[in-house]
Structures are given as structure tokens and as C-alpha cells.
Amino acid sequence: INAEYMGTLSECLFFFDMFPSKLALFKLSAPSLFRTSKLLAEKELFVGNLAWAVNDFTLTQHFERYGTVLHCAILFDRYSGKSRGFGFVKMEDPEAANFAKSELNGTKFYGRPLVVSDSTSQKLPPPLPDHKKKFKRRRPC
């Protein structure tokens, strides 16, 4: 398989969904595509202690001085509509994200000191037990 023909990583993944037996051959012929892929190198940061006036656009502009921002989300209260005071910024380059974290942590933004740290994903709670199994009907003897 020719790496130049394959193009993007998404095209490669689609190809391997169709033909999974070709994956080993592709890894041998084009390992550079996996090394240069930026899809696998993004990093998400937690940003806390945000003022209510901060929105996604202003936070994105603030972080874009340190690198490319892929996604920015501030969480809002569903009842009041006000900001909950924290959000998440996903940056393309992990080195730029670490630099932004070290530079922006503790700096004032809209009059409040920012808290910037690595985002930690929470584990999903275990599924609830299936009550149907517990109350199965028994066959009469």
C-alpha cells in the first residue's frame, strides 16, 4: 500500500475498517504517517476560577497566544444560565499546552487568577444491575 495514495489518517482508518488484514502491511510500509499524525497528539486542559463574563471566544483568544486551540468549552448552569466558573481547552500540540499551563496558571484574567491544570477524565460509574435477571420466573416443576 502506498502511503502517498492513502492521504489522511481518516482515510486510512476507513480503509482498515474495510480491509483489516492489510494493517500489518501498512505499518511496515508507511510508519511515518503514524508518527506525524497530529490527531493523536492533542491535549486537554482544565481552566478554573473563570469570571462570569468570560465566554468561549475570549478564552480561545487568550490561549491561542500559546498554540492552536482545537476546542474550547465553558460549562454553564442549566437553570440560571450563568457560567459555572470552569471550562476545558483542547490544544493541538502537547508542548504548547504545557507551556500555556505553566505561563497562565495564576495569572489574572478578567480580574481573577486562573487555575490551569491537566484535564483528568473521570471513570464512568459501573452499570446498574439488571433487575430482570433477579426476578426471573421459574418454571413449575
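**Reading salt bridges, strands and a helix**

Colleague: Which residue forms a salt bridge with Glu42, and how far apart are the closest N and O atoms?

Modeller: The partner of Glu42 is Lys90, with the closest N and O atoms 3.6 Å apart. This pair links distant parts of the chain. Glu42 sits in the loop between α4 (31–36) and β1 (43–48). Lys90 belongs to strand β3 (residues 83–91), and the two are 48 residues apart. Keep in mind that this is a predicted model.

Colleague: How do I read exposure for that pair?

Modeller: Use the cut-offs: buried is under 20% relative accessible area, exposed is over 50%, and partly exposed lies in between. Glu42 has 35%, so it is partly exposed. Lys90 has 27%, so it is partly exposed too.

Colleague: How many salt bridges does the structure hold?

Modeller: Three. Another joins the side chains of Lys43 and Asp118, at 3.2 Å from N to O. It also links distant parts of the chain. Lys43 is in strand β1, Asp118 is in strand β6 (residues 115–118), and 75 residues separate them.

Colleague: Are Lys43 and Asp118 buried or partly exposed?

Modeller: One of each. Lys43 counts as buried because its relative accessibility is 18%. Asp118 is at 33%, so it counts as partly exposed.

Colleague: With which other residue does Asp118 form a salt bridge?

Modeller: With Lys101, where the closest N and O atoms are 3.2 Å apart. Asp118 lies in strand β6 and Lys101 in helix α6 (residues 94–104), so this bridge ties together parts 17 residues apart in sequence. Lys101 has 22% relative accessibility, so it counts as partly exposed. Put the pieces together: Lys43, Lys101 and Asp118 are linked in a network of salt bridges.

Colleague: Now the strands. How many bridges join β2 to β3, and do the strands run parallel or antiparallel?

Modeller: Six bridges join strand β2 (residues 69–76) to β3, and the strands run antiparallel. To find the register, pick a residue and look across. Val69 stands opposite Met91 in β3. Then look at the turn. The hairpin of β2 and β3 has six residues between its strands. In that hairpin, Gly81 takes a positive phi near 80°.

Colleague: Helix α6 came up earlier. Which of its residues are buried?

Modeller: Ala96, Ala97, Ala100 and Leu104. They span an arc of only 100° around the axis, which means they lie on the same side of α6.

Colleague: What covers the buried residues of α6?

Modeller: The cover includes β1, α5 (56–63), β3 and β6.

Colleague: Which exposed residues does the face turned away carry?

Modeller: Glu95 and Ser102 are the exposed residues on that face of α6. After the helix comes Gly106, with a positive phi near 95°.

Colleague: How do I place all this in the whole chain?

Modeller: Start with the elements. There are seven helices and six strands. Along the sequence they follow the pattern α-α-α-α-β-α-β-β-α-β-β-β-α. Next, take burial. Of the 141 residues in the chain, 26% are buried. Then check the contacts with a separation of 6 or more: 58% of them come from residues 24 or more positions apart.

Colleague: And the surface: what share of the exposed area do carbon and sulfur atoms supply?

Modeller: They supply 57% of the about 10900 Å² that the chain exposes.

Conventions
Residues are numbered from 1 along each chain as its sequence is written. This is a predicted model: local features need pLDDT of at least 70, side-chain atom pairs count only at pLDDT 80 or more; totals for chains, interfaces and linings use all residues. Side-chain values use heavy atoms; hydrogens and water are left out. Helices (H or I, at least four residues) and strands (E, at least two) are DSSP runs, numbered from the N terminus. Buried means under 20% relative accessible area, exposed over 50%, partly exposed in between (1.4 Å probe, protein chains only). Contact means heavy atoms within 4.5 Å. Accessible areas come from the Shrake-Rupley method with a 1.4 Å probe; for residues, only the protein chains shown count as cover. A salt bridge is a side-chain nitrogen of Lys or Arg within 4 Å of a carboxyl oxygen of Asp or Glu. Two strands pair if DSSP finds at least two bridges between them. The arc is that of the directions from the helix axis to the C-beta atoms.
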